[in-house]
Amino acid sequence: MEPIEALKRNAALAAVKHVKDGFIVGLGSGSTIAYAIAALGEQVKNENLHILGIPSSYQAFALAVQNKIPITTLEEHPVIDVDIDGADQIDPKLDLIKGMGAALAREKIVAAASKLNIIIADEKKRVKVLGENNQPVPMEVLSFAIAPVMRSIEKLGGRAALRETKGKLGPVISDNGNAIMDATFGTIGDAAKLERELKMIPGVVETGLFIGLTDIVYLGTASTVEQLTQKRK
Ligand code: 5RP
């Protein structure tokens, strides 16, 4: 296993310790969460753990099926006990940029419905300020609104680009049938304000700024797994 993969796996193993028998579990998306889903699958099989998963994407759904984790819906269980997910950037307040896997809208809905939100990542995801290193804010946008949303992002000082697919010509389309756009602002001074401004633009379905949602981060480092906590707003 590549060293970076071991860091992700260690973070995932720390997070799954929060999952108890009978829990409804939000299943995030990405390469780090795959380790958490595999570990939960092992516990379901070998330790008779009874849980129901709510997947945040087709990828999470497929991983849950593959690992024999029974799944349910928000209709049946609108309150989730614990959500485990990955992130693209994590700041000192545990605010996040998410969505490089294009699952941000469902991921945010699942996170908002959860009593406890746990983020798992390798240490490279930790930043001082969101938007460092030209990290874009992924956004889900109605296809009908692509051009005006791009103009509105420019008026807010950003640069927007439609995310292009590999394997098909044209834009990445989310699991919800919408376009995915990446909006680059440079370092983001006030992420909560930017989130409010972006959400006010007609046609923006969701943004990858996750503000005040995270309770615990497990960060895999070369020597250990660091736990960072934040009292939710
Ligand atoms: C998908 C996400 C992912 O959680 C995020 O991109 C992190 O992925 P990875 O664990 O592969 O680095 O937000 O929309």
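**View 1. Tyr58 lies in helix 3, which spans residues 58-66.** The model shown here and in the other views is predicted. Tyr58 has a relative accessibility of 56% and therefore counts as exposed, the cut-off being over 50%. Together with Phe61, Val65 and Ile71, Tyr58 makes a nonpolar surface patch of about 380 Å².

**View 2. Ile80 is a buried residue of strand 3.** The relative accessible area of Ile80 is 0%, so Ile80 falls in the buried class, which is defined as under 20%. Leaving aside residues up to four places away in sequence, Ile80 touches Ile24, Val25, Gly26, Ile54, Leu74, Val110, Ala113, Ser114 and Lys115. Lys231 is 151 residues from Ile80 in sequence, and the C-alpha atoms of Ile80 and Lys231 are 18 Å apart in space.

**View 3. Six strands form an open sheet with mixed pairing.** The strand order across this sheet is 2-1-3-6-12-13. Strand 2 (52-55) and strand 13 (225-229) are the edge strands; each has a single partner strand, so one side of each has no neighbour in the sheet. From one strand to the next, the twist averages 20°.

**View 4. Strand 3 and strand 6 pair in the parallel sense.** Strand 3 covers residues 80-85 and strand 6 covers residues 114-122, and 5 bridges link the two. Ile84 has Ile118 of strand 6 as its bridge partner. Helix 2 (residues 31-46) packs on the sheet, where helix 2 touches strand 1 (24-27), strand 3 and strand 6. The direction of helix 2 makes about 120° with that of strand 6.

**View 5. Three strands form an open sheet with antiparallel pairing.** Strands in a sheet pair through backbone hydrogen bonds, in either a parallel or an antiparallel manner. The order in this sheet is 4-5-11. Strand 4 (89-90) and strand 11 (209-210) are at the edges, and each of them pairs on one side only. Strand 5, made of residues 96-97, runs antiparallel to strand 11 and is joined to strand 11 by 2 bridges. Within this pairing, Leu209 of strand 11 is the bridge partner of Ile97.

Terms used:
Residues numbered from 1 in each chain as written. Predicted model: local features only at pLDDT ≥ 70, side-chain atom pairs only at ≥ 80, totals over all residues. Heavy atoms only, no water. Pairing = 2+ DSSP bridges. Helix = DSSP H or I, 4+ residues; strand = E, 2+ residues; numbered from the N terminus. Axes fitted to C-alpha atoms, helices over the stretch in contact; angles between N-to-C directions. Contact = heavy atoms within 4.5 Å. Patch = residues over 30% accessible without salt bridge, like charges linked within 9 Å, V, L, I, M, F, W, Y side chains within 5 Å. Areas by Shrake-Rupley, 256 points an atom, 1.4 Å probe, with all protein chains shown as cover. Salt bridge = Lys/Arg side-chain N within 4 Å of Asp/Glu carboxyl O. Buried < 20%, exposed > 50% of the residue type's maximum accessible area, 1.4 Å probe, protein only.
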